[in-house]
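Here's a quick briefing to read alongside the structure. Take a look at the model first, then work through the points below.

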Amino acid sequence: MAEAHQAVAFQFTVSPEGIDVHLSHVALKQVYLSGLHSWKKRLGRLQNSFVTGVYPASPASWVFVAGTILLAQFWRLDPSMGLIGKIQEHLPGRGYLSEPTQAALCALAFATVLWLALILTMRSILKLLLSYHGWMYEAHGKMSHTTKVWLALVKIFAGRKPMLYSYQACLPRLPVPTIHDTMQRYLESVRPLLSDLQFQRMAALARDFEHSLGPRLQWYLKLKSWWASNYVSDWWEEYVYLRGRGPIMVNSNYYAMDFLYVTPTPIPAARAGNAVYAILLYRRLLSQEQIKPLMIQGTLPLCSAQYEHMFGTTRIPGLEADRIQHVSDSKHIAVLHAGRFYRLRLYHSGRLLRPRELQAQFQHILDDPTPPVPGEEHLAALTAGDREPWARARRTYFGSGKNQQSLEAVERAAFFVTLDTTEQGLTGPDPGRALDRYAKALLHGQCHDRWFDKSFTLIIFRNGKLGVNAEHSWADAPIVGHLFEYMLATDAFQLGYDVNGHCKGEMDPDIPPPQKLQWEIPEECQQVIQGSLRVAQALADDIDFHTFPFKQFGKGLIKKCHTSPDAFIQIAIQLAHYRDKGKFCLTYEASMTRLFREGRTETVRSCSIESCNFVRAMMDPAQNPQQRLALFRVATEKHQALYRRAMTGAGIDRHLFCLYVVSKYLGVDSPFLKEVLAEPWGLSTSQTPVQQIELFDLKNHPDYISCGGGFGPVDDNGYGVSYIIIGEDLLTFHVSCKISSPQTDAHRFGAHIRSALLDLLALFSLGPK
């Protein structure tokens, strides 16, 4: 109870002589330092808001404009063309001010208005420039004169030293494609998947929709696109994520893996100490907006809106829909170990805990022999099962008393940490199967040892390996990936460990230990927990996973083929799928739309007429290598065109999705939209981008890089495939499917992917010698 006593700032006793008050100077100092820390953060945010608000100008530019106007006034020049005099005529309190003072104030007022007008003009020009996407459709290495001029103008108007959110007001809105274009592109995408009769029927439905209900729904979408920042993102978050009533574990959440071949320390408390400290350094940079906005080709900014909910965010269950809860400045994290929950304070004496101090905190939790109370061990299974039982249980059993306080400590934590009791990584006699177990441990664990509702859960295994499980509604994988890359690089290359594997640095022995959270879980609630656990375990047991590194070649050799690495891999996946199942299927590849304000993702339909023609040629022994290579070129060029369309707001699926949402609001049914949105994605794919390659020294430390992450299958009879392109010579794949499906096998599909990649490379006669 030491922490409870230190938390009390004063004590008093009542006696016949009166009230005797005893002040605790230690506690008062902590209160003072905590308040000082909070006020510094508020002032910092206010300053950042002002700097971001005037970007691409700077506060110093106001001094320049004001000084120029005042200097002109001194030389009896009037750059305002009489406006300063007009302002002076209506200046309040003129009788109390001298003539020079009035002139100076009016000149400053005019300078400020002129400065603001210049800022708005620069922003409007920059937004117009960023709306141009013609550069994306030009051949690699060949830039037109128009694009060169455009690029020069972007550099002029983009300003200098941008902060994380500096470009948000300058980003264009996501455009709404025309109904005609979307219908044509949709029909083109399904043509290789349908028979002639099926295609004729679908074409008739599309034509009817285009000329009847479509224009009416489109009018509402256009109206929303003019009014809202993004016509897709809020509906996408609500209807795709928050209204889902099934488990988010496996079905929505995703994971990221540690270094594949390296474990910086085998001591779990030390790894947790460095990892948490690195994450908190990232949070500090984020709160100060010192993280540089991601730029394409170092010039074109991407939207940074998703970073806002990285910390202190929890998905709160509801009966009909969940909601996102965000706490701006949480000062603690929640920790789970062996079925016990803890609150770990991150600050002491007004400063952030050091890595060595965090290690001691985690070691205290690991050494705590206290058993979990009844119902506590499997409590987190509520977040792994169906959403409605969790919402009812939360309302019934966690609305007051100890349970409410402890649940608030979890939900209002900066993030969640699990000290896992298992060992993962390349361990045991079968490293390949070990990676599969590692992936499953990160994706679902034991179904009761992750708080799947938190924005992300940092998982530390008993042998020092780590990983992250992330909730999907608040942001997409590249956002978490950016944090994860920073954490890994800071842990390995900046913080490091001593010769014994412990965190470096000093520690204050007076820091209170973590606080064990208290629960009173009645028998009825325990039954609900067990019901959620059964649902989650059935889902987890049905997941087949295969994670494997592909070392034969990588991006370096693919580039020698004058082909996009992503297109190369996607065509290989199409060939592998056909060999696996003997048919083509609707394929989802995630593409970002963050060139637009509040953009998230769009779908690239990778199974195209061109890719199918190439796959058929590869399966036909009569086709010679030259014919196959020509068809491969056409297929990859088509894939790149589809990807560019998706990135520039000319995709198919988000438009169709929003049209469907509008139809539901209007209470009208569309046979076309209903059928389109019911089509299963037999193959769901995604590339994990490496966004901060400069943080890693792949030449001297080639093993110090994350091997990416993965997700569960979207369709019961389909595959989920995630891949990461690491450096010049390594690819890593994460393949998932359902064990219960007689059509799928993750290891079989993985073998087909390996074979397909080698067969594609053989077309160019560049295979490894």
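There are 30 salt bridges in this structure, and a few of them make a good place to start. Keep in mind that the model is predicted. After the charged pairs, we'll move on to the sheet, the nonpolar cores and the surface.

**Salt bridges**

- As background, side chains with opposite charges can pair up when their charged atoms get close.
- Arg354 and Glu357 make one of these pairs, with their side chains meeting at 2.9 Å, N to O. Arg354 has a relative accessible area of 34%, so it's partly exposed, whereas Glu357 counts as buried because its relative accessibility is 2%.
- Arg394 and Glu411 form another salt bridge, and their closest N and O atoms are 2.7 Å apart. This pair links distant parts of the chain, 17 residues apart: Arg394 sits in helix α13 (residues 387-397) and Glu411 in helix α14 (residues 401-411). Both Arg394 and Glu411 are buried.
- Asp716 pairs with Lys738, with 2.8 Å between the closest N and O atoms. Asp716 is in the loop between β20 and β21 (719-726), while Lys738 belongs to strand β22 (residues 730-738), so their salt bridge ties together parts that are 22 residues apart in sequence.
- Is Lys738 buried or exposed? Lys738 counts as buried, at 10% relative accessibility. Its partner Asp716 is partly exposed, with a relative accessible area of 46%.
- Some charged residues form a network of salt bridges: Arg245, Arg315, Asp322, Arg387, Asp453 and Glu471 are linked this way.

**The eight-stranded sheet**

- In what order do the 8 strands of the open sheet come? They go β15-β9-β8-β12-β13-β14-β3-β20, and the pairing is mixed.
- The edge strands are β15 (515-516) and β20, each of which pairs on one side only.

**Strand β8 and its partners**

- Strand β8 (residues 332-337) is mostly covered, with 6 of its 6 residues buried.
- Both faces of β8 are covered: His332, Ala334 and Leu336 are on one side, Ile333, Val335 and His337 are on the other, and all are buried.
- β8 runs antiparallel to strand β9 (residues 340-345), and 6 bridges join them. Across this pairing, His332 stands opposite Arg345.
- β8 and β9 also form a hairpin with 2 residues between them. In that turn, Ala338 has a positive phi of about 50 degrees.
- With strand β12 (residues 416-419), β8 runs parallel, and 4 bridges join the two. Here Leu336 has Thr418 as its bridge partner.

**Strand β3 and its partners**

- In strand β3 (residues 254-257), Tyr254 and Ala256 point one way, Tyr255 and Met257 point the other way, and all are buried.
- β3 and strand β14 (residues 466-470) run antiparallel and are joined by 4 bridges. Tyr254 stands opposite Ala470 in β14.
- β3 also pairs with strand β20 (residues 709-711) in the antiparallel sense, over 3 bridges. In β20, Tyr254 has Phe711 as its bridge partner.

**Nonpolar cores**

- A bit of context helps here: in soluble globular proteins, nonpolar side chains tend to be buried together.
- The largest nonpolar core has 115 residues, and those touching the most other members are Val276, Met310, Ile333, Phe362, Phe415, Val417 and Phe672. Helix α11 (residues 268-287) supplies the largest share of this core, 11 residues.
- Another core lies apart from it, with 45 residues, among them Ala334, Ile459, Phe461 and Leu533.
- What does Phe672 contact, leaving aside its neighbours within four places in sequence? Phe672 is in contact with Met183, Tyr186, Met202, Leu205, Ala206, Phe209 and Leu656.

**A buried loop residue**

- Thr299 is in the loop between β4 (295-296) and β5 (300-301), and it counts as buried because its relative accessibility is 8%.
- Not counting residues up to four places away in sequence, Thr299 touches Leu151, Val154 and Lys155.

**A nonpolar patch on the surface**

- Leu71, Phe74, Trp75 and Leu77 make a nonpolar surface patch of about 520 Å².
- Phe74 is part of helix α3 (residues 59-74), and it's exposed, with a relative accessible area of 63%.

Conventions:
Residues are numbered from 1 along each chain as its sequence is written. This is a predicted model: local features need pLDDT of at least 70, side-chain atom pairs count only at pLDDT 80 or more; totals for chains, interfaces and linings use all residues. Side-chain values use heavy atoms; hydrogens and water are left out. Patches are made of residues with over 30% relative accessible area and no salt bridge: like charges are joined within 9 Å, nonpolar side chains (Val, Leu, Ile, Met, Phe, Trp, Tyr) within 5 Å. Accessible areas come from the Shrake-Rupley method with a 1.4 Å probe; for residues, only the protein chains shown count as cover. A salt bridge is a side-chain nitrogen of Lys or Arg within 4 Å of a carboxyl oxygen of Asp or Glu. Buried means under 20% relative accessible area, exposed over 50%, partly exposed in between (1.4 Å probe, protein chains only). A nonpolar core is a set of buried Ala, Val, Leu, Ile, Met, Phe, Trp, Tyr and Cys residues joined through side-chain atoms within 4.5 Å. Contact means heavy atoms within 4.5 Å. Two strands pair if DSSP finds at least two bridges between them.
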